[in-house]
Amino acid sequence: MFIRWSAAVAAAILLSSPALQGASAADKPTDPQIAHIAYTAGVIDINAAKQAQKKAKNKDVKAFAEDMLRDHEAVNKQALALVKKLNVTPEDNDTSKALSKQAGDKLAELDKLSGAAFDKAYVANEVAYHKAVNSALETQLIPSASNAELKSLLQTGLKIFQGHQQHAEHVAAELK
Amino acid sequence: MPARLASIALAVIFLSISVPARAATIEITMENLVIAPAEVSAKVGDTIIWINKDVFAHTATAKNGDFDVTLPPKKSATSVVKKAGTVEYYCRYHPNMKATLKIEP
């Protein structure tokens, strides 16, 4: 599920680009695609959190990264259990690919930073990422999901992601 | 006999607030990032059973520092109410989860 959320985030990011927006509006993602996007989005935030655990200096930033790791891993575990139960094979798609590419670039960019500069950049990206994911979930992934259990998992994801966004915004404000 | 029992009970109540005659058990559930009931009354000496039905870890953390219960995913925990007062508590991991425990002496 967390992964799905992540996928939603990716979708949100993609949706914010005009080219993607046209394509997304025309082609509603299928459940296997939504599952893949959500899982991918979760993995992205897990990787970002792992990087932050190694590099972050500020204790609130470290604690935030720990929260992200714990929640997103829990959601992804849940997502995997659901696709298995539903006998659905998550399907790779352009949104997932774009998300992964973008996330890889971000990881490389953040890797060059250290200390307070890293902390700030990581938290700022977490704010932006969760905003994008939440918007994708709300406007695209949840309305498109046809399986009720998938939809419900996405809705739980949205709720928890909204909390993450607020948490990230709070940490970002403290760092200023 | 009943009169004597009653007077003993009264004596217990007056002599020792920390040892209530009857302790109740109250269940508080966390599910889908919501604490239910959002407001519940208890008495000193009552036992709270905290039930986490989510796949996420939660905590029940009193704002005034009176308690801090950690609940791993899908686990329960119990604690005994020790101090009277209206206690607002929340989940440290998901601060949007908030509720109130009204504890009578």
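**Exercise 1. Determine the order of secondary-structure elements in chain A from the N terminus on.**

Solution. Helices (H or I, at least four residues) and strands (E, at least two) are taken as DSSP runs and numbered from the N terminus. On this basis the elements of chain A read α-α-α-α-α-α-α. The count for chain A is thus 7 helices and 0 strands. The model is predicted: local features need pLDDT of at least 70, side-chain atom pairs count only at pLDDT 80 or more, and totals for chains, interfaces and linings use all residues. Residues are numbered from 1 along each chain as its sequence is written, while chains are lettered from A and ligands numbered from 1 in the order in which they are written.

Next, consider the annotated region. The UniProt record, an unreviewed entry, places the feature "domain: DUF4142" at residues 30–170 of chain A; UniProt positions are given in the numbering used here, feature names are shortened, and annotations may be inferred rather than shown by experiment. Over residues 30–170 the chain is 88% helix and 0% strand, and the end C-alpha atoms are 35 Å apart.

**Exercise 2. Compare the span of helix α6 of chain A with the expected value, and locate its bend.**

Solution. Helix α6 of chain A covers residues 115–144, 30 residues in total. The expected span is 1.5 Å times one less than the number of residues, which gives 44 Å for α6(A). From first C-alpha to last, α6(A) reaches 41 Å, close to that expectation. The bend at a residue is the angle between axes fitted to the seven residues ending there and the seven starting there; α6(A) bends by about 50° at A:Leu137.

**Exercise 3. Describe the largest nonpolar core and the burial of chain A.**

Solution. A residue is buried if 20 or more other C-beta atoms, placed from the backbone, lie within 10 Å of its own, exposed if 12 or fewer, and partly exposed in between. Buried residues make up 47% of the 176 residues in chain A. A nonpolar core is a set of buried Ala, Val, Leu, Ile, Met, Phe, Trp, Tyr and Cys residues joined through C-beta atoms within 7 Å. The largest such core has 59 residues, and those with the most contacts inside it include A:Val61 and A:Leu137. Helix α3 (residues 31–55) of chain A provides the largest share of this core, 12 residues.

Then examine one member. Two residues are in contact if their C-beta atoms, placed from the backbone, lie within 7 Å. Not counting residues up to four places away in sequence, A:Val61 touches A:Ala52, A:Ala56, A:Asp119, A:Tyr122, A:Val123 and A:Val171.

A charged residue offers a further case: A:Asp71 is found in helix α4 of chain A and counts as buried because it has 27 C-beta neighbours inside 10 Å.

**Exercise 4. Identify what each chain gives to the contact between chains A and B.**

Solution. Chain A contributes 10 residues and chain B 9 residues. On the side of chain A that touches chain B, α4 (59–86) and α7 (148–175) each supply at least two residues. The most comes from α4(A), with 6 residues.

**Exercise 5. Examine the backbone at A:Asn87 and at B:Pro37.**

Solution. Most residues other than glycine have a negative phi, and most peptide bonds are trans. A:Asn87, not a glycine, has a positive phi of about 60°. A:Asn87 lies in the loop between α4 and α5 (94–111) of chain A and is exposed, because 6 other C-beta atoms lie within 10 Å. In chain B, the peptide bond from B:Ala36 to B:Pro37 is cis, with omega near -5°. B:Pro37 belongs to the loop between β2 (34–36) and β3 (39–43) of chain B.
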